[in-house]
Amino acid sequence: MAHFNIVLHEPEIPSNTGNIGRTCAATGASLHLIEPLGFHLSEKSVKRAGMDYWSSLDVTRYLDYEDFIGQHPGAIIYFASTKGPRCYTDVSFEDECYIMFGKESAGIPEEILYDNQATTIRIPMLDTIRSLNLANSVSIVLYEALRQHNFEGMLEEGQLRNYTWRV
């Protein structure tokens, strides 16, 4: 089963991080949080958005971007940004790669993007909108990575409680 790592660079809104944590728990992805955070992980809004899944989440915190890079030398990292030069569907997401998203108010710092042009990606959208919601962006890109690996190990069929699907 392919494993992915979602990295949030200085997230600011607790409910976004909670939702992203829940998405990571549902997909087996690990969550990496680069400080400073704009909230405390103990805040109710983080827990509420993540519901009871937060305890099963693989989450790691880093003091800053340099700490993150230092702990993952040689890692394949994709940088998701509205400023990215190519579409997220144009890359092949490798098992164990990292997909980084920036803070809600400013994204990933431009100097980081500039130094990583080859792996900076974007989600297409109309030019009248500044950006998508962070939690939605993570879901879009993460599920593309999972799709590329055929949703390996994931439940792809649901069941009704009171009925059986007709074949």
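This is a short tour of a predicted model, with a suggestion at each stop for what to select.

**Stop 1: the sheet**

Start with a cartoon view and colour the strands. You will find an open sheet of seven strands, paired in parallel and ordered β3-β2-β1-β6-β4-β7-β5. At the edges sit β3 (59-62) and β5 (86-87), each pairing on one side only. Now zoom in on β2 and β3: these strands run parallel and are joined by four bridges. To see how the two strands line up, select Leu33, which stands opposite Arg61 in β3.

**Stop 2: two helices on the sheet**

Add α1 to the selection. This helix packs on the sheet with contacts to β1 and β2, and its direction makes about 150° with that of β2. Next, show α5, which also packs on the sheet. Here the strands touched are β1, β6 and β7 (120-122), and the direction of α5 makes about 160° with that of β6.

**Stop 3: the nonpolar cores**

Turn on side chains for Ile6, Leu8, Ile20, Leu31, Phe93 and Phe101. In the largest nonpolar core, which has 33 residues, these are the ones that touch the most other members. Which elements give two or more residues to this core? They are β1 (5-9), α1 (14-27), β2 (30-34), β4 (77-80), β6 (98-101) and α5 (134-148). The largest share, seven residues, comes from α5.

Keep Leu8 selected and show its surroundings. Beyond its sequence neighbours up to four places away, Leu8 touches Thr17, Ile20, Leu31, His32, Leu33, Ile34, Phe101, Leu134 and Val138. Apart from the largest core lies another, of twelve residues; to find it, select Ile34, Tyr62, Tyr65 and Ile112, which are among its members.

**Stop 4: His3**

Move to the segment before β1 (5-9) and pick His3. Is this residue buried or exposed? With a relative accessible area of 18%, His3 is buried, because the cut-off for that class is under 20%. Leaving aside residues up to four places away in sequence, His3 touches Gly28, Ala29 and Ser30, as well as Asp95, Glu96 and Cys97. Try a distance label here: a polar atom of the His3 side chain lies 3.4 Å from the backbone oxygen of Gly28.

**Stop 5: the cysteines**

One of the residues touching His3 was Cys97, so select that cysteine next. Cys97 counts as buried, at 1% relative accessibility. Why is its sulfur not in a bond with that of Cys24? The sulfur in Cys24 is the closest cysteine sulfur, but at 12 Å it is too far away. Then go to Cys87, which is also in no disulfide; the nearest cysteine sulfur, that of Cys97, is 15 Å away. Cys87 counts as buried too, at 17% relative accessibility. Across the whole structure there are zero disulfides.

**Stop 6: Asp67**

Finish in helix α3 (residues 65-71), where you will find Asp67. Its relative accessibility of 22% makes Asp67 partly exposed. Show the side chains of Asp67 and Gln71 together: they make a polar contact at 2.8 Å. For a last look, add Glu35 to the view. Asp67 and Glu35 are 32 residues apart in sequence, while their C-alpha atoms are 9.7 Å apart in space.

Conventions:
Residues numbered from 1 in each chain as written. Predicted model: local features only at pLDDT ≥ 70, side-chain atom pairs only at ≥ 80, totals over all residues. Heavy atoms only, no water. Buried < 20%, exposed > 50% of the residue type's maximum accessible area, 1.4 Å probe, protein only. Polar contact = N/O pair within 3.5 Å; in protein donor to acceptor, adjacent residues only side chain to side chain. Contact = heavy atoms within 4.5 Å. Core = buried A, V, L, I, M, F, W, Y, C linked by side-chain atoms within 4.5 Å. Pairing = 2+ DSSP bridges. Axes fitted to C-alpha atoms, helices over the stretch in contact; angles between N-to-C directions. Disulfide = S-S within 2.5 Å.
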